[in-house]
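Let's take a friendly walk through a protein model together. Please have the sequence and the 3D view ready.

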Amino acid sequence: IVEGRVDPVKYSQVLLNIGNAYSPETGKFTCPVSGIYQFVYSATTGRKGQTDIWLMVDGIRQITNHADLPDHTISSFSVMILELRKDNSVWIMQERGLTWATSSSHTLSFGGMLLAQR
């Protein structure tokens, strides 16, 4: 369970990390080269009013998942393609609300990959 403001969200279970661009210690993906990157994230939210989860790049909000479901839950999934420079940092921030996952469900997830080097 992740509750309230968490910046960055740190994912303790890493399924694949070729190139070690993601750091479980910091919760951040650091771009190893300049290029076009795709980022995805998912969350199960609700049961506690508004929840806002942001994809961040170097402290700037890029895209959000928003839910306002005090009595229900919803799973959401977002994808964003960005042109980034070497050493840009990308992470997930939960601004408010409640998200959760189990070790087998993977409903709270984050991933990034290089599509094309520039």
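We begin with a strand inside the structure and then turn to the surface.

This is a predicted model, in which local features need pLDDT of at least 70 and side-chain atom pairs count only at pLDDT 80 or more, while totals for chains, interfaces and linings use all residues. Residues are numbered from 1 along each chain as its sequence is written, and side-chain values use heavy atoms, with hydrogens and water left out.

Start at strand E8, residues 89-96 (strands are DSSP runs of at least two residues, numbered from the N terminus). Of its 8 residues, 6 are buried, so strand E8 is largely enclosed by the rest of the structure. Here buried means under 20% relative accessible area, and exposed means over 50%, with a 1.4 Å probe and protein chains only.

Which strands pair with E8? Strand E3 (residues 28-30) does so in the antiparallel sense over 2 bridges, and Phe-29 has Val-90 as its bridge partner in E8. Strand E5 (residues 50-57) also pairs with E8 in the antiparallel sense, over 6 bridges, and there Trp-54 stands opposite Met-93. Two strands count as paired if DSSP finds at least two bridges between them.

Now look at the surface. Phe-77, Val-79, Ile-81, Met-113 and Leu-115 make a nonpolar patch of about 490 Å². Such a patch joins nonpolar side chains within 5 Å, from residues with over 30% relative accessible area and no salt bridge (a side-chain nitrogen of Lys or Arg within 4 Å of a carboxyl oxygen of Asp or Glu). Strand E7 (73-84) and strand E10 (109-117) each supply at least two of the patch residues, and E7 gives the largest share, 3 residues. Ile-81 lies in strand E7 and is exposed, with a relative accessible area of 51%.

Definitions and conventions: Patches are made of residues with over 30% relative accessible area and no salt bridge: like charges are joined within 9 Å, nonpolar side chains (Val, Leu, Ile, Met, Phe, Trp, Tyr) within 5 Å. Accessible areas come from the Shrake-Rupley method with a 1.4 Å probe; for residues, only the protein chains shown count as cover. Helices (H or I, at least four residues) and strands (E, at least two) are DSSP runs, numbered from the N terminus.
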